[in-house]
Amino acid sequence: MRVSARSLAVGWLEGSVEGGQYQWTFCWHFRAGGRLDIYPSLGRALIKEPLQRFLEKHDFQLETGETYAFTVRARI
């Protein structure tokens, strides 16, 4: 996961996530009830819940331009 932009005052964080053959962009609106928008929709179900948990736990610690890692465990 890479953070590309954020505004703590307004309450949002943007970035991108890569996993296997998939790549997504996201916008985390932590002051708007914790809404997470992920694009494109292909494979979104695989990443949405783990990404949201990671963001809820670390959102104020994440810095623009930095790369972060987390593990997704799923049974398909």
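Visitor: Which element gives the largest share of the lining of the largest pocket?
Guide: Strand E2 does, with three residues. This is a predicted model, in which local features need pLDDT of at least 70 and side-chain atom pairs count only at pLDDT 80 or more, while totals for chains, interfaces and linings use all residues. Residues are numbered from 1 along each chain as its sequence is written, and side-chain values use heavy atoms, with hydrogens and water left out.

Visitor: What makes a space a pocket, and what makes a residue part of its lining?
Guide: On a 1 Å grid over the protein atoms alone, a pocket is an open set of points with protein on both sides within 12 Å along at least five of seven lines, whereas a cavity is a set where a 1.4 Å probe fits but cannot get out. A lining residue has an atom within 4 Å of a point. Here 14 residues line the largest pocket, and Val17, Glu18, Gly19, Ile47 and Val72 lie nearest its centre. Strand E2, strand E3 (22-29) and helix H1 (44-58) each give two or more residues to this lining.

Visitor: How much space lies in the largest pocket?
Guide: About 170 Å³; a volume is the space filled by probe spheres set on the grid points, which are joined across faces, edges and corners.

Visitor: How do the residues of that lining divide by kind?
Guide: There are 10 nonpolar residues, three polar and one charged. Ala, Val, Leu, Ile, Met, Phe, Trp, Tyr, Cys and Pro count as nonpolar, Asp, Glu, Lys and Arg as charged, and the others, Gly among them, as polar.

Visitor: How do you know that E1 and E2 pair?
Guide: Two strands pair if DSSP finds at least two bridges between them, and E1 and E2 (residues 12-19) have five, in the antiparallel sense. Among the partners, Ala5 is matched with Glu14 and Ser7 with Trp12. Strands are DSSP runs of E, at least two residues, and helices are runs of H or I, at least four, both numbered from the N terminus.

Visitor: Why are E1 and E4 called edge strands?
Guide: In the open antiparallel sheet, ordered E1-E2-E3-E4, strand E1 (2-7) and strand E4 (35-39) each pair on one side only.

Visitor: Why is the contact of Arg6 with Glu63 called a salt bridge?
Guide: The term requires a side-chain nitrogen of Lys or Arg within 4 Å of a carboxyl oxygen of Asp or Glu. The closest N and O atoms of Arg6 and Glu63 are 3.4 Å apart, so the pair meets the definition. Arg6 lies in E1 and Glu63 in the segment after H1, so the pair ties together parts that are 57 residues apart in sequence.

Visitor: Where do Arg53 and Glu49, another such pair, lie?
Guide: Both are in helix H1, four residues apart, about one turn of the helix. Their closest N and O atoms are 2.8 Å apart.

Visitor: Why is Asp37 called buried?
Guide: Buried means under 20% relative accessible area, exposed over 50%, and partly exposed in between (1.4 Å probe, protein chains only). Asp37 has 19% and is therefore buried. Its salt-bridge partner is Arg35, with closest N and O atoms 3.3 Å apart; Arg35, at 42%, is partly exposed.

Visitor: What makes Glu49 exposed and Arg53 partly exposed?
Guide: Glu49 has a relative accessible area of 55%, so it counts as exposed. Arg53 has 49% and therefore counts as partly exposed.
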